[in-house]
Amino acid sequence: MGDLACLMHDIPVAPLNIHEDIGTLTWICDRLAVADLIVDTPDRLQRALEIRDRVARPFTIHLLSGSSTSDDSVRLLAHD
């Protein structure tokens with residue numbers, strides 16, 4: 001439902017294959033000019049941080065789960 005809501009408000013959604021290597025994901029994020037990336041696990045958060053360090057324009061990372069991080073630039077999405 002989130003994808004549909006984004007599309008209805010002209011916010012493009014691009015699901016990424018989590019099995020791609022860091023270089024490929026970096027290329028995709030650069031090519032699409034990703035502004036925000038949503039992750040759901042600590043492992044994917046770590047990969048997102050690595051990718052963000054390599055892209056031309058760093059993006060904002062949003063974490064779905066309540067896992068804490070020492071990185072102040074990572075935003076925790078609250079569940080209501």
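**Exercise 1.** Is Ser73 buried, partly exposed or exposed?

Solution. Start with the ground rules: this is a predicted model, where local features need pLDDT of at least 70, side-chain atom pairs count only at pLDDT 80 or more, and totals for chains, interfaces and linings use all residues. Residues are numbered from 1 along each chain as its sequence is written, and side-chain values use heavy atoms, with hydrogens and water left out.

Next, take the cut-offs: buried is under 20% relative accessible area, exposed is over 50%, and partly exposed lies in between (1.4 Å probe, protein chains only). Ser73 comes out at 31%, so it counts as partly exposed.

**Exercise 2.** Work out where Ser73 sits and what it touches.

Solution. Ser73 belongs to the loop between β2 (60-63) and β3 (74-76); strands here are DSSP runs of E, at least two residues, and helices are runs of H or I, at least four, numbered from the N terminus. Then look for contacts (heavy atoms within 4.5 Å). Setting aside neighbours within four places in sequence, Ser73 touches Arg52, Thr60 and Ile61.

**Exercise 3.** Sort out the two sides of helix α3 (residues 42-54).

Solution. First list the buried residues of α3: Leu45, Ala48, Leu49, Ile51 and Arg52. Down the axis of α3, these fall within an arc of 165 degrees (directions from the helix axis to the C-beta atoms), so they line one face of the helix. That buried set packs against α2 (22-32), β1, β2 and β3. Finally, flip α3 over: the face turned away from the buried side carries the exposed residues Asp43, Asp53 and Arg54.

Terms used: Expected span 1.5 Å × (residues − 1).
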